[in-house]
Amino acid sequence: MDFMDILLQHQEDEEVAKATLMELLAAGTDTSACTTEWALLELLNNPEIMRKAQEELDTVVGRDRMVTESDLHKLLYLEDIVKETFRLHPPAPLLMPRMSTQACVLGESFDIPKGATTIINFYAIGRDPRVWDKPEKFWPERFQGSTIDVKGQDFELIPFGCGRRICPGMLLGLKSVYLTLANLIHGFNWEPVVRGGSYNMDEAFMSVIWPKLPLQAKVTSL
Ligand code: HEM
């Protein structure tokens, strides 16, 4: 039985079925799609990084087939590109509000009283110069030799949140972004179509944070 079968079994409670479906569609589609779009924009703005990523794909996958899930663990530079994209462009920059069940101290400097609601701004952490060297620079190499990961254990990089309310779709979201991005840059050559070759990286908040101007590029098959 898949997810849809189970929802249909509970048709007597239409509200719940509809809300659950809406929640999964809303949380599970735009998040991965906008991350992929931001990554492509960053790669178009940084042709040297695009070239290195395509070289890695050619070495690991070769030129005669598409990228599959089993290749992903070998694509280490691609992984660093995705981490760097999440750092600068988290789709959901504010984590879910938390209410403290007891008084505590956060980060040695914030006294949180019992019952207070706290909202963590991951967007700010991702661009904080006290945490990251050259925070405004798209620089995947910063992760080489580092153990920092996006899975909720390293608080400087928590695009999926952390703790009990961590995103339940994290592994699906990560796989979708890796696989889509890898196949788009492995199968196609991407050329910028903006004057000066540099894209505007302004943001627009809708369901998630999208690029304000949708990506346009000249794409030819490789
Ligand atoms: C790039 C992909 C994704 C990102 C960056 C992302 C990010 C997040 C974040 C930051 C939260 C809040 C976590 C917290 O407060 O600690 C969240 C919650 C959630 N995500 Fe994701 N998400 C992604 C993909 C997905 C997918 C694919 C699904 C499901 C198919 C999904 C379903 C959910 C749900 C249901 C919640 C609410 C969990 C709760 O209320 O406890 N997400 N996500």
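## A tour from salt bridges to the iron

Start at aspartate 58, which is partly exposed, with a relative accessible area of 31%. Keep in mind that this is a predicted model.

**Stop 1: aspartate 58 and its partner.** Add arginine 63 to the selection. The two residues form a salt bridge, with their closest N and O atoms 2.7 Å apart. Arginine 63 is also partly exposed, at 44% relative accessibility. Side chains of opposite charge can pair when their charged atoms come close.

**Stop 2: arginine 65 and aspartate 71.** Select both side chains. They meet in a salt bridge, 2.9 Å from N to O. Is each partner buried or exposed, or partly exposed? Arginine 65 is partly exposed, at 36% relative accessibility. Aspartate 71 has a relative accessible area of 2%, so it counts as buried.

**Stop 3: arginine 127 and glutamate 136.** Show this pair as sticks. A salt bridge links them, and the closest N and O atoms lie 3.2 Å apart. Here the arginine is the buried partner: arginine 127 has 18% relative accessibility. The cut-off for buried is under 20%. Glutamate 136 is exposed, at 57%. Now select Glu48, Arg51 and Glu55, which are joined into one network by salt bridges that share partners. How many salt bridges does the structure hold? The count is 13.

**Stop 4: helix α5 and arginine 87.** Select residues 76–88, which make up helix α5, and pick out arginine 87 within this helix. What is the relative accessibility of arginine 87? The value is 0%, so this residue counts as buried. Its side chain makes a polar contact with the side chain of glutamate 84, at 2.8 Å. Next, display the surroundings of arginine 87. Leaving aside residues up to four places away in sequence, arginine 87 touches Phe122, Gly126, Trp132, Lys134, Pro135, Lys137, Arg142 and Leu157.

**Stop 5: helix α3.** Select residues 30–45. This helix has 16 residues. From first C-alpha to last, α3 reaches 22 Å, close to the 22 Å expected at 1.5 Å a residue. Colour the helix by accessibility. Of its 16 residues, 13 are buried, so α3 is largely enclosed by the rest of the structure.

**Stop 6: the shell around the ligand.** Centre the view on the ligand. It is surrounded by 24 residues. The closest are Met96, Arg98, Pro159, Arg165 and Cys167. Now turn on the polar atoms. A nitrogen atom of the ligand lies 3.3 Å from a backbone N or O atom of alanine 27. A polar backbone atom of methionine 96 is 2.8 Å from an oxygen atom of the ligand. Arginine 98 uses its side chain: one of its N or O atoms is 2.6 Å from a ligand oxygen. Which elements give two or more residues to this shell? They are α2 (14–28), α3 and α7. Helix α2 supplies the largest share, four residues.

**Stop 7: the iron.** Zoom in on the iron atom of the ligand. Which protein residue provides a donor to this iron? Cys167 does, through SG, at 2.3 Å, and it is the single donor from the protein. To finish, follow the backbone on either side of cysteine 167. This residue lies in the loop between α6 (122–126) and α7 (170–187).

Key:
Residues are numbered from 1 along each chain as its sequence is written. This is a predicted model: local features need pLDDT of at least 70, side-chain atom pairs count only at pLDDT 80 or more; totals for chains, interfaces and linings use all residues. Side-chain values use heavy atoms; hydrogens and water are left out. A salt bridge is a side-chain nitrogen of Lys or Arg within 4 Å of a carboxyl oxygen of Asp or Glu. Buried means under 20% relative accessible area, exposed over 50%, partly exposed in between (1.4 Å probe, protein chains only). Donors are N, O and S atoms within 2.8 Å of the metal (3.2 Å for Na, K and Ca); water is not among the atoms, so sites may look incomplete. The expected span of a helix is 1.5 Å times one less than its number of residues. A polar contact is a pair of N or O atoms within 3.5 Å; within protein, one must be able to donate a hydrogen and the other to accept it, and residues adjacent in sequence count only if both atoms are side-chain atoms. Contact means heavy atoms within 4.5 Å. A residue is near a molecule or strand if one of its heavy atoms lies within 4 Å of it.
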